[in-house]
Amino acid sequence: MFGLSELALILIVIAVVVGVKKLPELTRSAGKAARILKSETKALKEEGKEEGKAADTAAPGERRVVTGTIVEPDVPPARDSRDKP
């Protein structure tokens, strides 16, 4: 009947015919994704420059305070075998 290469060619033609309807939508979404990625990388670069300027203003050997938050673990502490319930 059909060989593997003929069957593959038929599947490719069907995929192209069906995909033509979705092609504009796919290119539009790919363009949006590219714009978002570009804007996010630009924002990260600008943020890095601002942090670099703040680090450059500190004198050599001077300590800086870095703020952060303490995160408690979700897991309860392990019980010791000597602990009684």
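Lys and Arg count as positive and Asp and Glu as negative, while His and the chain ends are not counted.

**View 1. Overall fold of the predicted model.** The protein has 1 helix and 0 strands (DSSP runs of H or I with at least four residues, and of E with at least two). Of its 85 residues, 0% are buried (under 20% relative accessible area). The accessible surface is about 8800 Å² (Shrake-Rupley method, 1.4 Å probe), and carbon and sulfur atoms contribute 63% of that surface. The model is predicted, and local features need pLDDT of at least 70. Residues are numbered from 1 along each chain.

**View 2. Nonpolar surface patch around I14.** F2, L7, I10, L11, I14 and V18 together expose about 570 Å² of accessible area. Patch members have over 30% relative accessible area and no salt bridge (Lys or Arg side-chain nitrogen within 4 Å of an Asp or Glu carboxyl oxygen), with nonpolar side chains joined within 5 Å and like charges within 9 Å. I14 lies in helix α1, residues 4-57. Because its relative accessibility is 45%, I14 counts as partly exposed (between 20% and 50%).

**View 3. Negative surface patch around E50.** E46, E47, E50 and E51 make up this patch, with each Glu charge placed at CD. E50 belongs to helix α1 and is exposed (over 50%), at 57% relative accessible area.

Note on methods: This is a predicted model: local features need pLDDT of at least 70, side-chain atom pairs count only at pLDDT 80 or more; totals for chains, interfaces and linings use all residues. Side-chain values use heavy atoms; hydrogens and water are left out. Buried means under 20% relative accessible area, exposed over 50%, partly exposed in between (1.4 Å probe, protein chains only).
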